Amino acid sequence: MQLRCLIAFLIFSWCCEAQYSFSGYTNPDEWQKTVYLSIVEDYRKMSGVYSEQIIAKTSADETGYFEFKGDMLSAENRIYRIHVDKCTETQQDVNHFNGHCSDSEELLFIAKNTDTLKLPFSFGNQVFCRVESNNPKANAFLKIDSLKNDMRFAYGEVRSEANRKLNNKKWFTTLQDYGTALNEPVAELAIYAYLSDRSSDLHSYYVEDLQNNCYYDNLKERLETAYPNAPYTAQYRNELAADRYMLSSAEEDRSTSFNVYLYAALSASFLLNLFLLYRIWKNKQSKSEDLKSKLSKQEQVVLEHLLQDKTNKDIAEALFLSVSTIKTHTNNIYKKLEVQSRDEAKSLFIK
């Protein structure tokens, strides 16, 4: 009986402790009292204010202290966001349009249902600058933000196109390596989302990198191993397949375009050659007509027979003339065409 009571007590105690607690401070003189807790299940919507992601809200007291507490979160690590803003309830629909709010402060962190998270004020009474948690992965996003700040500083040292290109190449690899070193694929997705963003200067590097770097398949394996049922894993898997399909389609389009260009070039070449042959033939016909115009009608008739390799006798019989008359016409044709023989005459009309 005592053993049963002890077991029941331990189970009860564990259930009471199996809850999260996210607390911190805001500056009541700067921010509205309402504090929001959101779950981020779409890593393309990590930054911003999205009403559909909000799972709880609370009010800070007069000192700015707030706390979220309960046991409804996932037992696995997920991405959460706490944010405050300067918007009243009536202003939110306008100021939070498309998830963008310039008058807000947010913190992304990784947590699960049993985690505690404390957000004490940092220097200058700033909010959300430090994270104290029993989950070592909680502050991964703060580390990524710190690295991005280093990146922005590097870009700002020399503002030139050459410097920007060099930094793009360097920081693309640096961010990838840093994400792998975090040993937390969910946090790594924040870097992937940044590098693969189509509006980013780094997107062209991502497109090239995707074709020959096994990093992306390795990230997929890490996600599928650590978070097989998480929405991030399915989203990443689908996006990766879609991007690779687009790349293969683009390659096919380029190949098709090349073939179309090649066929067009060959067709154009064929038509050009056909046109040139026609011009040559036309010039030859014109030249032949000019030469024939020097001859009388009777001589032109004799010439046609000569071009057919008929003998003087055959021509005489065909035209009902004497052989001597055909010889006279033939001599006249030679003189007018300025040739010495039948072969030379034929060369002027037959090629």
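## A tour from helix H8 to the pocket

Start by selecting arginine 237, which counts as partly exposed at 33% relative accessibility. For this label, buried means under 20% relative accessible area, exposed means over 50%, and partly exposed covers what lies in between, using a 1.4 Å probe and protein chains only. The areas themselves come from the Shrake-Rupley method with that 1.4 Å probe, and for residues only the protein chains shown count as cover.

Before moving on, please note that this is a predicted model, in which local features need pLDDT of at least 70 and side-chain atom pairs count only at pLDDT 80 or more, while totals for chains, interfaces and linings use all residues. Residues are numbered from 1 along each chain as its sequence is written, and side-chain values use heavy atoms, with hydrogens and water left out.

**Stop 1: salt bridges**

Keep arginine 237 selected and add glutamate 224. The two form a salt bridge, with their closest N and O atoms 3.0 Å apart. This pair ties together distant parts of the chain: arginine 237 belongs to helix H8 and glutamate 224 to helix H7 (residues 215-226), 13 residues apart. Glutamate 224 is partly exposed, at 30% relative accessibility. A salt bridge here is a side-chain nitrogen of Lys or Arg within 4 Å of a carboxyl oxygen of Asp or Glu. Helices (H or I, at least four residues) and strands (E, at least two) are DSSP runs, numbered from the N terminus.

Next, select aspartate 243 and arginine 198. Their side chains meet in a salt bridge at 3.2 Å, N to O. Again distant parts of the chain are linked: aspartate 243 sits in helix H8, and arginine 198 in the loop between H5 and helix H6 (203-210), 45 residues apart. Which partner is buried? Aspartate 243 is, at 12% relative accessible area, whereas arginine 198 counts as exposed at 54%.

For another pair, go to lysine 336 and glutamate 299, where a salt bridge brings the closest N and O atoms to 2.8 Å. Lysine 336 is in helix H11 (residues 323-337) and glutamate 299 in helix H9 (residues 297-307), so this pair also links distant parts of the chain, 37 residues apart. Lysine 336 is partly exposed at 31%, while glutamate 299 is buried at 4%. How many salt bridges does a search of the whole structure find? It finds 10.

While helix H11 is on screen, pick lysine 327, which is found there too. Lysine 327 is partly exposed, at 45%. Measure from its C-alpha to that of asparagine 312: the two are 7.0 Å apart in space and 15 residues apart in sequence.

**Stop 2: a nonpolar patch**

Select Phe270, Leu271 and Leu274, which make a nonpolar surface patch of about 330 Å². Patches are made of residues with over 30% relative accessible area and no salt bridge; like charges are joined within 9 Å, and nonpolar side chains (Val, Leu, Ile, Met, Phe, Trp, Tyr) within 5 Å. Leucine 274 lies in helix H8 (residues 231-292). Leucine 274 has a relative accessible area of 44%, which means that it is partly exposed.

**Stop 3: the sheet**

Switch to a cartoon view and find an open sheet of four strands in the order S4-S1-S7-S8, with mixed pairing. Its edge strands, each pairing on one side only, are S4 (65-70) and S8 (132-133). Strands pair if DSSP finds at least two bridges between them.

Walk across the sheet, pair by pair:

- S1 (residues 20-25) and S4 run antiparallel, joined by six bridges; serine 23 has glutamate 67 as its bridge partner in S4.
- S1 and S7 run parallel, joined by four bridges; glycine 24 stands opposite leucine 119 in S7.
- S7 and S8 pair antiparallel over two bridges; lysine 118 stands opposite glutamate 132 in S8.

Now show the side chains of S7 (residues 116-119). They alternate: Leu117 and Leu119 point to one face and are buried, while Thr116 and Lys118 point to the other and are not.

**Stop 4: the largest pocket**

Finish by selecting Ser47, Glu106, Leu108, Asp145 and Lys148, the residues nearest the centre of the largest pocket among the 23 that line it. Strand S6 (104-111), helix H3 (140-157) and helix H5 (185-195) are the elements that each give two or more residues to this lining. Which element gives the largest share? H3 does, with seven residues.

The volume of the largest pocket is about 740 Å³. A pocket is found on a 1 Å grid over the protein atoms alone, as an open set of points where a 1.4 Å probe fits, with protein on both sides within 12 Å along at least five of seven lines; lining residues have an atom within 4 Å of a point. Grid points are joined across faces, edges and corners, and the volume is the space filled by probe spheres set on the points.
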